[in-house]
Amino acid sequence: MSEATGVTAARGFRAAGVAAGIKKSGRADLALVVNDGPRTEAAGVVTRNKVKAAPVLWTQQVLTTGALRAVVLNSGGANACTGPQGFRTAHATAEKVAEVLGCGAVEVAVCSTGLIGEQLPVGTVLAGVEKAAGELAATPEAGTAVAAAIMTTDTVPKQAHVTDPAGWTIGGTTKGAGMIAPSMATMLTVLTTDAVVEQPMLDAALREAVRYSFDRLDIDGSMSTNDTVLVLASGASGVLADPAVFTAALTRVCRDLAEQMQADAEGVTKRITVRVSGAASEDDAVTVARTIARDSLVKTAMFGSDPNWGRIVAAAGYADAQLDPERLDVTINGVLLCRGAVVAGDRADCDLSGPDVTIEVELGLTGGADGNTAEIRTTDLSHAYVEENSAYSS
């Protein structure tokens, strides 16, 4: 048996991933994660998109209780922009999970991913819930089955975990390969822990972790309708977690999962880190880094292995942030190419032949590298990205 790295890494959780028949391909498309307790604290973060899918609206409601027994997830259909019938489907799915587990529907979160605008086959989904309930297990294989069942354009399942010396564990799984921008677009994440944590602390830890992980991943600037990150705490370890230690561990897991999404992004040939320092504020650092990460000319230059620092300077210049061109420096993969918005190095010395690119932008407004900093992860804009997103409806 392999080591548990996903949602079953923490004690007190069972899971299953099955082929319910939602996807025409016959691949796995429905997953169930169950918290067997003894505690059921939960917290979540959802998309900031004003158009929210029916399962997001349902999950927002049930999260107000601060407790969850289960999460049911499907791929193969987003159940977004589906009107009252879509919400009834989400409600019926939660009711079915509640029926098979012997709990209340208010204890069940619902997540969906896939094509926007089409109704889910509710009968197929409910039969899939029954099937998944019959396969629930606390094994590593069950956790991996969940990771596989929520994939859409992902090419590999994504899982991570950490175990603290005090004796508690955090595990998690995610999906997402495109439409990734602030608020975790087109991504679903389920995190589990057996630590003893009070709900307000769990909520605060999740928001901090998301801020420095998923919200710092920006593949293409798009924001979907279904983004959801959930954390469930079983308390099965019996160990009370220190808030700071727990938050740091949760952030590590989320960053690991975010990096896996970056590596598996649609059409990726370059994994790009944009690091901005010396900004007037942390918010300005984030804004400049995100503007550079989203700029199509920067992304296509990286695809062509061209250390075109002029495009980076131009992107920084139109960001909605304080900037002084005479203090603006750009370094790419360790080679200083621009100082004070003027050429400072030979592009031929900058090797971009490998898959990893680090763009460092010093704004020179506060404290140098120790000043206000931010890091955004992104990818290049390749032929394969365009081809995939012109052929795949989302």
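Helices here are DSSP runs of H or I with at least four residues, strands are runs of E with at least two, and both are numbered from the N terminus. With that in hand, Asn-308 is easy to place: the loop holding Asn-308 runs between α8 (296–303) and α9 (309–318). Please keep in mind that this is a predicted model. The tour below takes in two open sheets, one of 5 strands and one of 6 strands, then the helices packed against them and two buried loop residues.

**The five-strand sheet**

- Reading across this open sheet, the order is β3-β9-β8-β7-β6, and the pairing is mixed.
- β3 (41–46) and β6 are the edge strands, each with a single partner strand, so each has one side without a neighbour in the sheet.
- From one strand to the next, the twist averages 10°.
- Inside the sheet, β7 and β8 (residues 188–193) run antiparallel and are joined by 6 bridges.
- To see the register of that pair, start from Gly-172, whose bridge partner in β8 is Leu-191.
- α4 lies across β6 and β7, and its direction is at about 140° to that of β6.
- α5 also packs on the sheet, where α5 touches β3, β8 and β9 (228–233) and makes an angle of about 30° with the direction of β3.

**What α4 buries**

- Which residues of helix α4 (residues 140–149) are buried? They are Pro-140, Ala-142, Gly-143, Val-146, Ala-147 and Ala-149.
- These buried residues of α4 pack against four strands: β1 (13–18), β2 (30–35), β6 (158–163) and β7 (169–175).

**The six-strand sheet**

- The second open sheet has the strand order β13-β12-β11-β14-β10-β15, again with mixed pairing.
- β13 (342–343) and β15 are at the edges, where each pairs on one side only.
- α6 packs on this sheet through β10 and β15, with its direction at about 40° to that of β15.
- Helix α7 (residues 282–294) packs there too, touching β10, β14 and β15, and its direction makes about 20° with that of β15.

**A closer look at β10**

- Is β10 (residues 271–279) enclosed or open? The strand is largely enclosed by the rest of the structure, because 7 of its 9 residues are buried.
- β10 pairs in the parallel sense with β14 (residues 356–362), over 7 bridges.
- On the β14 side, Arg-275 has Glu-360 as its bridge partner.
- β10 runs antiparallel to β15 (residues 372–379), and 7 bridges join the two.
- On the β15 side, Val-276 has Ala-374 as its bridge partner.

**Helix pair α5 and α6**

- Helix α5 (residues 199–211) and helix α6 (residues 243–263) pack with their axes 9 Å apart and at an angle of about 40°.
- The two helices are therefore oblique to each other.
- Their crossing is right-handed.
- On the α5 side, the contact is made by Met-201, Leu-202, Ala-205, Leu-206, Glu-208 and Ala-209. On the α6 side, Pro-243, Phe-246, Thr-247, Leu-250, Thr-251 and Cys-254 take part.
- By residue class, this contact has 9 nonpolar, 2 polar and 1 charged.

**Helix pair α8 and α9**

- α8 and α9 pack at about 160°, with their axes 9 Å apart.
- That angle is over 145 degrees, so α8 is roughly antiparallel to α9.
- The crossing of α8 past α9 is left-handed.
- Leu-297, Val-298, Thr-300 and Ala-301 of α8 meet Arg-311, Ile-312 and Ala-315 of α9.
- The residues of this contact comprise 5 nonpolar, 1 polar and 1 charged.

**Two buried loop residues**

- Why does Asn-308 count as buried? Its relative accessibility is 13%, and buried means under 20%.
- Setting aside residues up to four places away in sequence, Asn-308 touches Ala-301, Met-302 and Arg-347.
- Asp-215 sits in the loop between α5 and β9.
- Asp-215 is buried as well, with a relative accessible area of 16%.
- Asp-215 and Thr-192 are 23 residues apart along the chain, and their C-alpha atoms are separated by 20 Å.

Technical notes
Residues numbered from 1 in each chain as written. Predicted model: local features only at pLDDT ≥ 70, side-chain atom pairs only at ≥ 80, totals over all residues. Heavy atoms only, no water. Axes fitted to C-alpha atoms, helices over the stretch in contact; angles between N-to-C directions. Parallel < 35°, antiparallel > 145°, perpendicular 65-115°, else oblique. Left-handed = near helix turned anticlockwise from the far one by under 90°. Contact = heavy atoms within 4.5 Å. Nonpolar A, V, L, I, M, F, W, Y, C, P; charged D, E, K, R; others polar. Buried < 20%, exposed > 50% of the residue type's maximum accessible area, 1.4 Å probe, protein only. Pairing = 2+ DSSP bridges.
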